[in-house]
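Got the viewer open? Here is a short walking tour, with something to select at each stop.

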Amino acid sequence: MASFGFLNTIFELLFKGFKPTPSEITSYVFPPTTKQNLEYADLAIVDLSKMSTPEGRKELTAQLSKAMHETGFFYIINHGYTQEQTNRVFGIANLIFDNVSEDEKKLYTGQSSSVYEGYKPKQTWQIQEGVRDQIEHYNINHQVDRRPHPEAVRPYLKEIQDFAYHNHHNILFPVLRLLAAGLELPEDTFVKQHLWDAAGESSVRFMKYHPRTAEEEEKTKNVMLKGHTDIGSVTILWSQPIGGLQILSPDGKWRWVKHIDNALVINAGDVMDFLAGGFYPPTRHRVIQPPTDQRHLPRLGAFYFAMANDDVKLVPHDESPVLQRVGIKRLCSNEEAPTMEHWRKGRTTAYGNSLLRPGKEINVEEEQIHGVTVKHWN
């Protein structure tokens, strides 16, 4: 004879509706890579497993420092997540956009102009020629319980928290240690400026780029996001096969970033430019429409945007022997340097909303944030 507990479970399923548990999400299946012959950027591939030996750390310090100094972009492999775990993360990302109604998304749309939080709806940003973006975000602070989340997302918050923690401790921290070593600074120099428990806005971001009309493509020359630099210190992008990301190479040409299965794409942002005195410059990159054989597909993205602690004053580490030898490129004087919080708020509030002015360089527009010139590449 069935127990009352079992009957109660049956009634709950029948009359209250089935609520999925984390183990029941469908694993994301990545679409195929493009078959088009594209010109790809030549980027270093950093094997993070080599961090386990002194010889490996020395090798990685030289490799990563050179890559960040010269191109600002590189790949990471052997980062601690299996392909199955990565697929799972993308499955959760897809659920956040496809399993939440438009009405519920409105309830969890970010209300702050100075913090990326919750949903960013499509058509929030001005691109050009009156065309607005077709990109959805869902932004989650690395402390995921700071704000409420949609009902469909709640069963997966523990996994999202684990994902944030993994990005911060097992990927960001090794990168920061290697970057510090490349400047001949103590390895924990940048780590202490990016503490997990400190007040700050390091965050997980899931994005979905939706296809646009032919008319919109013509007006924007296929550009979805203008050439820009990232606000924070280090950006971790989990590679996926739909093309679109391009970087401005040192020779002035835009080149595609190639997909590598279960790899990460890392780049420096504005904050690293401040802290490293120009030695690790932020990489200029943009997002354009995918290759023609992928253009009909939405482009799903998973990111970790690392920012320094809010109270960190963005001044160069002039105690670095390397900077003392090669010279320091300052974005502003130490007295005028903003804190991470002030820089983040200024950049976030202005992005996609401010009136850009023609710069001194061809096809470059500029704006002023806290006295610092911020460039956008058309």
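Start by selecting E184. How exposed is E184? It is partly exposed, with a relative accessible area of 43%. You'll find E184 in the loop between helix 5 and strand 7. Check its backbone too: E184 is not a glycine, yet its phi is positive, about 60 degrees. Keep in mind throughout that you are looking at a predicted model.

Now jump to N78, another residue with an unusual stop on the tour. N78 sits in the loop between strand 2 and helix 3 (83–98). Its phi is near 55 degrees, again a positive value in a residue other than glycine. N78 has 46% relative accessibility, so it counts as partly exposed.

**Step back: the whole chain**

Show everything as a cartoon. The chain has 9 helices and 17 strands. Of its 378 residues, 55% count as buried. Among contacts with a separation of 6 or more, 75% are between residues 24 or more positions apart.

**The eight-stranded sheet**

Next, colour the strands in this order: 1-2-12-9-14-7-6-3. These 8 strands form an open sheet, and the pairing is mixed. Which strands are at the edges? Strand 1 (44–47) and strand 3 (118–120), each of which pairs on one side only. On average, neighbouring strands of this sheet are turned by 25 degrees against each other, direction ignored.

Zoom in on strand 6 and strand 7. The two pair in the antiparallel sense over 7 bridges. Select N141 and look across to strand 7: the residue opposite is S203.

**Two helices across the strands**

Select residues 54–70, which is helix 2. Helix 2 lies across strand 1, strand 2 (73–77) and strand 12 (264–268), and runs at about 145 degrees to strand 1. Then add residues 157–182, which is helix 5. Helix 5 lies across strands including strand 6, strand 7, strand 9 (234–238) and strand 14 (299–306), and its angle to strand 9 is about 125 degrees.

Keep both helices on screen. Two packed helices are described by the angle between their axes and the distance between the axes. How do helix 2 and helix 5 cross? Their axes come within 8 Å and cross at roughly 85 degrees. That crossing makes helix 2 roughly perpendicular to helix 5.

To see who touches whom, show side chains for R57, L60, T61, L64, S65 and M68 in helix 2, and for V175, R177, L178, L179, A181 and G182 in helix 5; these are the residues that meet. Sorted by type, the residues of this contact divide into 7 nonpolar, 3 polar and 2 charged.

**Salt bridges**

Side chains of opposite charge can pair when their charged atoms come close. How many salt bridges are there? The count comes to 16. Here are a few to visit.

Select R146 and E201. Their closest N and O atoms are 2.7 Å apart, and the two form a salt bridge. This pair links distant parts of the chain: R146 is in the loop between strand 6 (135–141) and helix 5, while E201 is in the loop between helix 5 and strand 7 (203–209), 55 residues apart. R146 counts as partly exposed at 40% relative accessibility, whereas E201 is buried at 9%.

Move on to K105 and E102. This salt bridge has its closest N and O atoms 3.4 Å apart. Both residues lie in helix 4 (residues 102–107), 3 residues apart, which is about one turn of the helix. Is K105 buried or exposed? At 5% relative accessibility, K105 counts as buried. Its partner E102, at 52%, counts as exposed.

Then pick R255 and D251, a salt bridge with closest N and O atoms 2.9 Å apart. R255 counts as buried at 13% relative accessibility, while D251 is partly exposed at 49%. Add E39 to the selection: E39, D251 and R255 are linked in a network of salt bridges.

**Last stop: strand 13**

Select residues 285–288, which is strand 13. In a regular strand the side chains alternate between the two faces of the sheet. Here H285 and V287 point one way, R286 and I288 point the other way, and all are buried. Finally, bring in strand 10 (residues 245–248), which pairs with strand 13 in the antiparallel sense over 3 bridges. Look for L245 opposite V287.

Definitions and conventions
Residues are numbered from 1 along each chain as its sequence is written. This is a predicted model: local features need pLDDT of at least 70, side-chain atom pairs count only at pLDDT 80 or more; totals for chains, interfaces and linings use all residues. Side-chain values use heavy atoms; hydrogens and water are left out. Axes are lines fitted to C-alpha atoms, for helices over the stretch in contact, and angles run from 0 to 180 degrees between N-to-C directions. Helices (H or I, at least four residues) and strands (E, at least two) are DSSP runs, numbered from the N terminus. Angles under 35 degrees count as roughly parallel, over 145 as roughly antiparallel, 65 to 115 as roughly perpendicular and the rest as oblique. Contact means heavy atoms within 4.5 Å. Ala, Val, Leu, Ile, Met, Phe, Trp, Tyr, Cys and Pro count as nonpolar, Asp, Glu, Lys and Arg as charged, and the others, Gly among them, as polar. A salt bridge is a side-chain nitrogen of Lys or Arg within 4 Å of a carboxyl oxygen of Asp or Glu. Buried means under 20% relative accessible area, exposed over 50%, partly exposed in between (1.4 Å probe, protein chains only). Two strands pair if DSSP finds at least two bridges between them.
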